Amino acid sequence: MKTLYTRAAGALLAASALLVTHGAARADGPVPSTGRPAEDFAALCNATGPDAAPALRATVDALRAVSGAATCEDAGRALAATSFLDLHGKGLSDLRPVALFTGLRTLDLGRNAITDLAPLATLTELTALGLKENRAADLAPLASLRRLTSLSVEANGVVSVAPLA
């Protein structure tokens, strides 16, 4: 399959809003968000212990590792300050923690196990998104990404790019 380059335009779908919650994120609910990415990630990271949902824990751990920071607070600050994030091949399926970093412009999520793209709807600054070799079928959550100019979705279950038109 070819890499798809498209400009997300047309009708906007409602972006999934992150709700302000108390405590750690549930396995199926939104992650806690106050609109301050560094602090929100630090709180999530510190609250995501061994009994957290494995997919959520894996994403938090991967984010902390790519930040190179020793503490959750330092990781949150480093991640909030970056515009590029490479999470290629990290075995991720839960993108909710990634959605905290709304300043991202380039995001590589290739070679993971991602099926749900809804958390990415909050990343409205994205211009490039790599999703090749995942399990995503529905691109509708990406319709709100109006600045997106480069999208790679090969080796997924995508049947239509119509939601991006």
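1. Start with Ala143. This residue sits in the loop that runs between strand E3 (128-130) and strand E4 (150-152). The model is a predicted one. Ala143 has 0% relative accessibility, so it counts as buried, the cut-off being under 20%. Val161 follows 18 residues along the chain, and the C-alpha atoms of Ala143 and Val161 are 9.8 Å apart.

2. Overall layout. The protein chain has three helices and four strands. Their order along the sequence is α-α-α-β-β-β-β. The chain counts 165 residues, and 44% of them are buried. About 7,900 Å² is exposed, with 54% of that supplied by carbon and sulfur atoms. Among contacts with a separation of 6 or more, 38% join residues 24 or more positions apart.

3. Helix H3. Which residues of H3 are buried? In this helix, residues 72-80, they are Cys72, Ala75, Gly76 and Leu79. Viewed down the H3 axis, these buried residues fall within an arc of 100°, so they line one face of the helix. Their cover includes helix H1 (37-47), helix H2 (54-67) and strand E1 (84-86).

4. The largest nonpolar core. This core holds 38 residues. The members that touch the most others are Phe41, Leu107, Leu109, Leu120, Leu129, Leu131 and Leu142. The elements giving two or more residues to the core are H1, H2 and H3. H2 gives the most, with four residues.

5. Leu131 in detail. Leu131 is one of the core residues that touch the most other members. What does Leu131 contact, leaving aside neighbours within four places in sequence? The partners are Leu109, Gly110, Leu117, Leu120, Leu142, Leu151, Ser152, Val153 and Asn156. Leu109, Leu120 and Leu142 also appear among the core residues that touch the most other members.

6. The aromatic pair. The count comes to one aromatic pair. Phe41 and Phe101 form it, in a tilted arrangement. The ring centres are 5.7 Å apart, and the planes make an angle of 55°. Phe41 belongs to helix H1, while Phe101 is in the loop between E1 and strand E2 (106-108), so the pair ties together parts 60 residues apart in sequence.

7. Burial of the two rings. Are Phe41 and Phe101 buried or exposed? Phe41 has a relative accessible area of 0% and is buried. Phe101 is buried as well, at 2%. Phe41 thus has two roles to check in the viewer: it is a partner in the aromatic pair, and it is among the core residues that touch the most other members.

Note on methods
Residues numbered from 1 in each chain as written. Predicted model: local features only at pLDDT ≥ 70, side-chain atom pairs only at ≥ 80, totals over all residues. Heavy atoms only, no water. Buried < 20%, exposed > 50% of the residue type's maximum accessible area, 1.4 Å probe, protein only. Arc of directions from axis to C-beta. Contact = heavy atoms within 4.5 Å. Core = buried A, V, L, I, M, F, W, Y, C linked by side-chain atoms within 4.5 Å. Areas by Shrake-Rupley, 256 points an atom, 1.4 Å probe, with all protein chains shown as cover. Phe/Tyr/Trp six-rings, centres within 6.5 Å; stacked < 30°, edge-to-face > 60°.
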